Amino acid sequence: MPDLKKIAEEADIIVNGYAFKKNNDEITYSNWITYYLKNDKEILRQFIKKFTEVETSFENIEIARETKDNIDIYYEDSKSIFVFENKIKSSINGTKKKKGITEEEKEFSQLKKYYDYAESIASMS
């Protein structure tokens with residue numbers, strides 16, 4: 001029989017009776033967050049309210065995982081587009097140096113790529 005007390009003591013977080021240990025797996029956390037956002041509208045409202053200061057419609061909602069230009073969590077409704085990037089043990093904006101012709105091309109930012117993608121979708125609306 002598992003030692004439940006030991007499992008609970010070693011857990012980094014306990015949610016609904018499930019014990020979780022933190023690791024460096026951004027995908028696991030993004031999947032977990034997305035699951036709850038898709039399946040609990042109150043959690044979705046609280047999440048949007050907590051991490052943005054934007055009033056949104058919550059109508060015609062699309063929430064996607066790693067399907068929109070490799071964005072961790074993509075949210076779109078009839079009024080807003082949000083891009084959530086989940087970072088664990090990474091630079092704040094995912095900046096990487098790459099070989100390029102100009103200084104601008106040498107610096108690659110994941111968040112800039114995602115911003116440009118969201119802007120292109122918004123301009124089509």
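**Reading a predicted fold, step by step**

Me: Let me start with the contacts in the protein with a separation of 6 or more: what share of them comes from residues 24 or more positions apart?

Reply: Such residues account for 38% of those contacts in the protein. Please keep in mind from the start that this is a predicted model.

Me: Thanks. How many helices and strands does the secondary structure come to?

Reply: There are five helices and seven strands. Following the sequence, their pattern reads α-β-β-α-α-β-β-β-β-α-β-α.

Me: And how much of the protein is buried?

Reply: Of the 125 residues, 26% are buried. Seen from outside, the protein exposes about 9400 Å², and carbon and sulfur atoms supply 53% of that area.

Me: Which residues make up the largest nonpolar core?

Reply: A core here is a set of buried nonpolar residues joined through side-chain atoms within 4.5 Å. In this structure the largest one has ten residues: Leu 37, Leu 44, Phe 47, Ile 48, Phe 58, Ile 63, Ile 73, Tyr 75, Phe 82 and Phe 84. Helix H3 (41-51), strand E4 (73-76) and strand E5 (81-84) each give two or more residues to this core. The most come from H3, which gives three residues. A second, separate core has five residues, among them Ala 64, Ile 71, Tyr 114 and Ile 121.

Me: I would like to follow one core residue. Where does Leu 37 lie, and is Leu 37 buried or exposed?

Reply: Look in helix H2 (residues 26-39), where Leu 37 lies. Its relative accessible area is 3%, so Leu 37 is buried. Leaving out residues up to four places away in sequence, Leu 37 touches Ile 43, Leu 44, Phe 47, Ile 63 and Ile 73.

Me: How far apart are the C-alpha atoms of Leu 37 and Ile 73?

Reply: They are separated by 9.8 Å, with the two positions 36 residues apart along the chain when you count from one to the other. Another good residue to click on is Ile 63, which touches Thr 34, Leu 37, Lys 38, Leu 44, Ile 73, Tyr 74 and Tyr 75, again without residues up to four places away in sequence.

Me: Now the strands. Which way do the side chains of E4 point?

Reply: The general idea first: in a regular strand the side chains alternate between the two faces of the sheet. In E4, Ile 73 and Tyr 75 point one way, while Tyr 74 and Glu 76 point the other way. All four of these residues are buried.

Me: How many bridges join E3 to E4, and how many join E4 to E5?

Reply: Strand E3 (residues 62-65) and E4 run antiparallel and are joined by four bridges. E4 and E5 also run antiparallel, with four bridges between them. To find the register on one side, note that Glu 62 has Glu 76 in E4 as its bridge partner. On the other side, Ile 73 stands opposite Phe 84 in E5. The connection from E4 to E5 is a hairpin through four residues.

Me: Which backbone angle should I look at for Phe 58?

Reply: Look at phi: Phe 58 has a positive value of about 60°, although this residue is not a glycine. Phe 58 sits in the loop between H3 and E3. With a relative accessible area of 19%, Phe 58 falls under the 20% cut-off and therefore counts as buried.

Me: What is phi of Asn 60 near, and is Asn 60 buried or exposed?

Reply: Phi of Asn 60 is near 55°, a positive value in a residue other than glycine. Asn 60 is found in the loop between H3 and E3. Its relative accessibility is 67%, so Asn 60 counts as exposed.

Me: How many salt bridges does the structure hold?

Reply: Side chains of opposite charge can pair when their charged atoms come close. This structure holds one salt bridge. The side chains of Glu 66 and Arg 65 meet in it, at 3.4 Å from N to O. Arg 65 is buried at 15% relative accessible area, whereas Glu 66 is partly exposed at 32%.

Me: Last one: which residues form a nonpolar patch on the surface?

Reply: Ile 13, Tyr 18 and Phe 20 do, with about 290 Å² of accessible area together. Ile 13 lies in strand E1 (residues 13-15) and, at 33% relative accessibility, counts as partly exposed.

How values were computed:
Residues numbered from 1 in each chain as written. Predicted model: local features only at pLDDT ≥ 70, side-chain atom pairs only at ≥ 80, totals over all residues. Heavy atoms only, no water. Buried < 20%, exposed > 50% of the residue type's maximum accessible area, 1.4 Å probe, protein only. Contact = heavy atoms within 4.5 Å. Areas by Shrake-Rupley, 256 points an atom, 1.4 Å probe, with all protein chains shown as cover. Pairing = 2+ DSSP bridges. Salt bridge = Lys/Arg side-chain N within 4 Å of Asp/Glu carboxyl O. Patch = residues over 30% accessible without salt bridge, like charges linked within 9 Å, V, L, I, M, F, W, Y side chains within 5 Å.
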